[in-house]
Amino acid sequence: EDGLVALSHHSGALLGMLPPDKTAEDGLPAIEALLFSEGSRYLCSAGAGRVVDVWDLKKRTKVRQLRGHHSTVTSLAMGGNKDLIASGCEDGDILLHKLSYGTLVATLKPETGIPDTVNCLSFSAIKKFNLGAAHDNGDVSVWDCNARKRISSFPRAHTAPATSVVFSPVHRLLYCSGGLDKRIVFFDVNNRKSFVKEIQCSESVSCMAFEYDGVSLAAGTTAGKVFMYDLRNTKQPACVIDAHSRSGGVKDVKFKNHVSKRSRASPSTSRDNMSRSGSKTNNLTKSGSSSNNV
């Protein structure tokens with residue numbers, strides 16, 4: 001809310017603030033979304049200021065501003081060749097920028113033309129230019145960012161705000177969304193008429209993440225719990241983690257990055273330095289504000 005980004009070591013030590021010359025008393029626009037670049041050299045921050053600020057974490061300086069939004073930026077995602085930044089805002093527009101040059105390459109408009117907040121954006125790890133979007137009116141859609149066209153759309157897929165959308169890491173056509181209607185819905189990109197299946201959760205879903213094997217799915221809820229599902233048997237969750245029931249809803253969930261034996265042996269493999277604050281259980285970082293090893 002104070003418009004500052006706190007950079008922290010995983011030990012809890014505060015490494016610095018962005019902007020480094022500002023304080024909470026300076027009245028900066030509130031930050032709603034953060035995104036690390038590949039390798040964590042750059043950090044993108046956005047919010048009520050209607051721009052996406054790109055920070056060089058090594059130099060602690062702002063190197064670029066991605067402009068074009070006319071309302072508060074609510075979500076960020078990186079995809080394509082790791083140089084494409086997607087940003088969604090309260091009026092429903094999704095802007096695509098080239099990170100390396102800061103140029104606006106496309107504006108993706110809401111299907112109905114009616115302003116509606118973009119709650120979540122997510123790129124496919126397999127079809128790298130496929131971008132999923134979850135909207136406040138319950139709509140869920142997938143865009144082909146190369147062709148600049150919507151390739152899958154399910155208006156009112158949820159009867160309450162859709163809060164998250166994620167792609168399967170092993171199946172190029174499968175993606176799913178979660179919403180405040182307590183449902184997790186699975187879709188096939190090529191099937192535009194009906195969804196594949198759904199899971200009825202006992203609490204409103206606020207965020208989701210797939211594990212690398214594509215079998216395990218974590219769903220954070222507004223009640224502060226994390227539901228772990230095995231997609232081979234979704235009649236009931238494999239386990240339920242009481243993560244933040246005393247402090248509010250789960251804001252984000254992430255699985256620990258999977259590194260193959262070949263990747264471990266490769267000297268060129270970059271280490272993922274991003275973590276989320278909060279305790280870890282079964283390789284799952286539950287939720288909290290962003291931190292980084294700089």
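**Notes on a strand-rich predicted model**

1. Let me start with a pairing towards the later part of the numbering: strand S21 (residues 225-230) and strand S22 (residues 239-242) pair in the antiparallel sense, with four bridges between them. Within that pairing, Val226 has Ile241 of S22 as its bridge partner. Bear in mind throughout that this is a predicted model.

2. S21 has another antiparallel partner to look at, strand S20 (residues 216-221), and here five bridges hold the pair. Val226 turns up again, this time standing opposite Gly220. So which residue takes a positive phi in the hairpin of S20 and S21? That would be Gly224, with phi near 95°, in a hairpin that has three residues between the strands.

3. Stepping back to the whole chain, the tally is one helix and 27 strands. The protein has 294 residues, and 51% of them count as buried. If you take the contacts with a separation of 6 or more, 43% come from residues 24 or more positions apart. As for how strands pair, the general rule is backbone hydrogen bonds, in either a parallel or an antiparallel arrangement.

4. Next, the sheet that runs S7-S8-S9-S10. It is open, has four strands and pairs antiparallel. Strand S7 (73-79) and strand S10 (104-108) are the edge strands; each has a single partner, so one side of each lacks a neighbour in the sheet. From one strand to the next, the twist averages 20°. S7 and S8 are joined by six bridges and run antiparallel, and if you want a register check, look for Ser75 opposite Gly88 in S8.

5. While you're on S8 (residues 84-89), have a look at Cys89, which belongs to that strand. Is Cys89 buried or exposed? Its relative accessible area is 0%, so it counts as buried. Leaving aside neighbours within four places in sequence, Cys89 is in contact with a run of residues from Ser71, Thr72, Val73 and Thr74, together with His69 and with Asp116, Thr117 and Val118. His135 is 46 residues away from Cys89 along the chain, and their C-alpha atoms are separated by 10.0 Å.

6. His135 also matters for the cavities. The structure holds two of 30 Å³ or more, and the largest cavity contains about 110 Å³ of space. Which residues lie nearest its centre? Out of 16 lining residues, they are Pro110, Glu111, His135, Asp139 and Arg150. Strand S13 (140-144) and strand S14 (149-154) are the elements that give two or more residues to this lining. By class, the lining of the largest cavity splits into five nonpolar, six polar and five charged residues.

7. There is also the second largest pocket, with a volume of about 220 Å³. It has 17 lining residues, and Gly3, Pro29, Ile31, Ser45 and Asp53 are the closest to its centre. Strand S4 (42-47), strand S5 (52-56) and strand S6 (61-66) are the elements that give two or more residues to the lining, with the largest share, three residues, coming from S4. The class count for this pocket's lining is nine nonpolar, five polar and three charged residues.

8. Just before S4 there is a loop worth a look: Glu38 lies between strand S3 (31-36) and S4. With a relative accessible area of 52%, Glu38 is over the 50% cut-off, so it counts as exposed. Once neighbours within four places in sequence are set aside, Glu38 is in contact with Met78 and Lys82. Glu38 and Met78 are 40 residues apart in sequence, with 8.7 Å between their C-alpha atoms.

9. Last, a second open sheet for your list: four strands in the order S15-S16-S17-S18, with antiparallel pairing. Strand S15 (162-167) and strand S18 (197-200) are at the edges with a single partner strand each, so one side of each is left without a neighbour in the sheet. Neighbouring strands of this sheet are turned against each other by 20° on average, direction ignored. In the S16 (residues 174-179) and S17 (residues 183-188) pairing, five bridges join antiparallel strands, and Gly178 stands opposite Ile184 in S17.

How values were computed
Residues numbered from 1 in each chain as written. Predicted model: local features only at pLDDT ≥ 70, side-chain atom pairs only at ≥ 80, totals over all residues. Heavy atoms only, no water. 1 Å grid on protein atoms, 1.4 Å probe; cavity = no way out; pocket = protein on both sides within 12 Å on 5 of 7 lines; lining within 4 Å. Points joined across faces, edges and corners; volume = space filled by probe spheres on them. Nonpolar A, V, L, I, M, F, W, Y, C, P; charged D, E, K, R; others polar. Pairing = 2+ DSSP bridges. Axes fitted to C-alpha atoms, helices over the stretch in contact; angles between N-to-C directions. Buried < 20%, exposed > 50% of the residue type's maximum accessible area, 1.4 Å probe, protein only. Contact = heavy atoms within 4.5 Å.
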